[in-house]
Number of protein chains: 2
Amino acid sequence: MAATQPERSRDRDRTQGEILEVATREFAEHGYSGARVDEIAERTRTTKRMLYYYFGSKEGLFVAVLEQAYAAIRAAEQTVDVDHLDPVAAIRALAELTFDHHEAHPDFIRLVSIENIHRGEHMAESLAAINAPAVERIERILRAGREAGVFRADVDAVDLHMLISSYCVFRVANRHTWQALFDRDLLAADRRDGYRTMLGDVVVAYLTG
Amino acid sequence: MAATQPERSRDRDRTQGEILEVATREFAEHGYSGARVDEIAERTRTTKRMLYYYFGSKEGLFVAVLEQAYAAIRAAEQTVDVDHLDPVAAIRALAELTFDHHEAHPDFIRLVSIENIHRGEHMAESLAAINAPAVERIERILRAGREAGVFRADVDAVDLHMLISSYCVFRVANRHTWQALFDRDLLAADRRDGYRTMLGDVVVAYLTG
DNA sequence: GCCATAATGTACGAACTAGTACGTTACATA
DNA sequence: TATGTAACGTACTAGTTCGTACATTATGGC
């Protein structure tokens, strides 16, 4: 058991992890330009020196934050199995799981929005591989639905993924302007079930229509 | 005719308009924190002094930029009439017009994303009134569709507006991360018609399903 | 033509901010 | 226990950035 090693005052992994954790919050909170390196260092048990020691620059730190955020979110997604369901139930379950997943990780969505403002220039190559399984899973369900004759045949997996993502992301990402414009809180607890069902209805109606 | 007045060296409207125009681009380009007041002033025929004279602060300028952007986009929308069409054709036309509209105004969508990163704290009260007609128009179409017995009865106008907006906004706003993750350009010209039709299909299938 | 004032330009400063030079200490290994 | 190196801390700087004090000029009304 290495679990209860004597605590070290110098621990590469712990220091890096702590910096990443604090940096994730700071970037999600204030955007890339708005985030302050000094502030991140301040909230860590280590110093700014170490931040540059491990990540090289503010930009390098942001790249690491993004990479870790995508990895974490996809890892959590893969624990769910929907393949044993019939196609209609499977795609509805997948859509609704995506819905819950996005609601549970608003910081991740903020990071993605921020990265898009910066034209995706911090996206690491490795992220494509991490995200491929999400599309493959949809592909399997679509194929099953086509073979069963219940889904229309001209739907692409990536595009369906976009339909689902757009709904889930918008609700979280554009919550504040929507509230100001239409006086409606998209994340109100008492509307959540309704929005989740609506998404399932939309996806199923489109595929079976 | 006041059209060809002798050009004035001191023109309140022209100066304000020029500052707003340049500021809109700068904020959309770099985000709120990333935008530089000096850079905005530099690209204007006037100076930073005037920017503060008319808008008070960087924040005041951003509020003005947002307000003008929303006003412009809604004004353009209202020139289109879809009320004379039958409900199914009307809602499809509306969705597809929204689609084209968003594609044509990426800077506006960037500003909205940026404002959401900042939790909507710059949204002026007046914006709600400006945006109300968009929902009212959907409301009319929904009512006609219900009365004709072709639409399901439990759909709310604001929520349908969200469904349409989410699809249109995501395509533009999340273009860069999507490209990096799935190697697909959501704004590629040869896919535009397909995406537009897909949105119409989704909305109509949901409402009539 | 004169004047009140709206509009404008110049020059500057105080605070901030990313990044670094330089020195120190814990730890693994022999 | 000696030592090389990875991990760490302090103090600083060069450049930036929002904002303003102060001076000036154009313009419309009388």
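## How the two copies relate

Copies here are superposed by least squares on the C-alpha atoms of residues with pLDDT of at least 70 in both. Done that way in this predicted model, chain B lands on chain A after a rotation of 180° with 0.0 Å of shift along the axis, at an RMSD of 0.0 Å. The two copies are therefore related as by a two-fold rotation axis. Both use the same surface: 100% of the contact residues of chain B recur in chain A (contact means heavy atoms within 4.5 Å).

## Where the α1 helices meet

Take helix α1 (residues 12-34) in each chain: the axes of α1(A) and α1(B) come within 7 Å and cross at roughly 115°. Axes are lines fitted to C-alpha atoms, for helices over the stretch in contact, with angles from 0 to 180 degrees between N-to-C directions. Helices are DSSP runs of H or I, at least four residues, numbered from the N terminus.

H30, S33 and G34 of α1(A) make this contact with H30, S33 and G34 of α1(B). By class, that's six polar residues, no nonpolar and no charged (Asp, Glu, Lys and Arg count as charged; Ala, Val, Leu, Ile, Met, Phe, Trp, Tyr, Cys and Pro as nonpolar; the others, Gly among them, as polar).

## Who lines the pocket

Of the 27 residues lining the largest pocket, R74(A), E77(A), H102(A), H161(A) and S165(A) lie nearest its centre. A pocket is an open set of points on a 1 Å grid over the protein atoms alone, where a 1.4 Å probe fits, with protein on both sides within 12 Å along at least five of seven lines; lining residues have an atom within 4 Å of a point.

The lining has 17 nonpolar, seven polar and three charged residues.

## Ground rules

Residues are numbered from 1 along each chain as its sequence is written, and chains are lettered from A in the order in which they are written. Local features need pLDDT of at least 70 and side-chain atom pairs pLDDT 80 or more, while totals for chains, interfaces and linings use all residues; side-chain values use heavy atoms, leaving out hydrogens and water.

Key. Helix = DSSP H or I, 4+ residues; strand = E, 2+ residues; numbered from the N terminus.
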